[in-house]
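I set out to record what I looked up in this model, entry by entry. The topics are a helix, a sheet and the nonpolar core.

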Amino acid sequence: MPFHERNNLRYYSFDIFSNAVTQAVFTRRGGVSPAPWQSLNLGGSVGDDPLHVAENRIRIFDALGRAPASIHDVWLVHGTDIVYADAPRPLDKHPERADIILTDNPEVSLFMRFADCVPLLFHDPKKHVIGISHAGWMGTVKGVATTTIEAMQTRYGCKPEDVQAGIGPSIGVDHYEVGEDVVSQFREKYGRDAERILQERNGSHYLDLWAANLIQLQNAGVEQVQVSGVCTACHLDDWFSHRAEKGKTGRFGALMALA
Ligand SMILES: [Zn+2]
């Protein structure tokens, strides 16, 4: 079963990853934030009280038995820049701007925030490398999944066929209507494959970010991929959804560590 509960927190874990990694995508349940961030909001720039966010963050680290000071997170900018988290982020320094974090250090806990964009989690059990990437439509069209696999190869010597990847809870194609501008960018990037990721209903276009990222991973040579199939906008009791809640919402967290 992909859903687990600990300390009143409910979280999703991928079955594809072995016990060699600690990994969870936390639902919004079990935190201290009031509406519209109820309740496990981990986003520091959405208007919630920083004290609530700090308490919520301690709760997710406690639930997984990780030290809060082991965190390495980034400032998401919808790009493809990479941070190699060789050590925990110095807490007196601002997070770097990036949408990919990788590490081979078991002392580091990778952490990233989401509210519809796709969490991509990675593990290479042979090279002992993990990563999290942030794939909204902009990051996807820029090739963030492809860039992550290339970085794992270049920096750590990973082979794509050894890499296991999870496509986490995020907005599903049923809820993700997009405009002509987005459609044309995906048609240009994906060519014939665009038919697999764009759907048309009643004259409107819908974007399948899960398929788009799966195609990137498969084209990069990744054979082991688990798609959670969980739509954030369909399950607002579990997830924050920027689209479904019209921007007035929080951020849920993905946490990953070796060991
Ligand atoms: Zn949905």
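The entries below follow the order in which I consulted the structure.

**Entry 1: status of the model.** I note first that this is a predicted model.

**Entry 2: helix H3.** I checked the length of helix H3, which covers residues 144-156. Its 13 residues, at 1.5 Å a residue, should span 18 Å, and the end C-alpha atoms lie 18 Å apart, so the two values agree. I then listed the buried residues of H3: Val144, Ala145, Thr147, Thr148, Ile149, Ala151 and Met152. For the spacing of such positions I recalled that an α-helix has 3.6 residues a turn, so residues three or four places apart point the same way. Next I asked which elements the buried residues of H3 pack against. The strands I found are S5 (82-84), S6 (100-103), S8 (118-124) and S9 (129-135). The helices are H2 (137-142) and H6 (209-219). Just after H3, I recorded a positive phi of about 75° at Gly157.

**Entry 3: Thr148.** I selected Thr148, a residue of helix H3, for a closer look. Is Thr148 buried or exposed? I count it as buried because 28 other C-beta atoms lie within 10 Å, where 20 or more suffice. Leaving out residues up to four places away in sequence, Thr148 touches Ile100, Leu120, Phe122, Gly131 and Ser133. I also looked up Asn213, 65 residues from Thr148 along the chain; the C-alpha atoms of the two are separated by 11 Å.

**Entry 4: the sheet.** I traced an open sheet of six strands, in the order S1-S2-S3-S15-S7-S4, with mixed pairing. Strand S1 (3-6) and strand S4 (71-73) are its edge strands, each pairing on one side only. From one strand to the next, I noted that the twist averages 30°. Within this sheet I examined strand S3 (residues 21-26), which runs antiparallel to S15 and is joined to S15 by five bridges. In this pairing Val21 stands opposite Leu258 of S15.

**Entry 5: the core.** I turned to the largest nonpolar core, which has 71 residues. Which of its members touch the most other members? They are Ile101, Leu110, Leu120, Leu209, Phe252 and Met256. Strand S15 (residues 252-258) gives the most to this core, contributing six residues. I followed Leu110 further, setting aside its neighbours within four places in sequence. Leu110 is in contact with His72, Ala85, Ile101, Thr103, Ile130, Ile132, Met256 and Ala257.

Key: Residues are numbered from 1 along each chain as its sequence is written. This is a predicted model: local features need pLDDT of at least 70, side-chain atom pairs count only at pLDDT 80 or more; totals for chains, interfaces and linings use all residues. A nonpolar core is a set of buried Ala, Val, Leu, Ile, Met, Phe, Trp, Tyr and Cys residues joined through C-beta atoms within 7 Å. A residue is buried if 20 or more other C-beta atoms lie within 10 Å of its own, exposed if 12 or fewer, and partly exposed in between; C-beta atoms are placed from the backbone. Helices (H or I, at least four residues) and strands (E, at least two) are DSSP runs, numbered from the N terminus. Two residues are in contact if their C-beta atoms, placed from the backbone, lie within 7 Å. The expected span of a helix is 1.5 Å times one less than its number of residues. Two strands pair if DSSP finds at least two bridges between them. Axes are lines fitted to C-alpha atoms, for helices over the stretch in contact, and angles run from 0 to 180 degrees between N-to-C directions.
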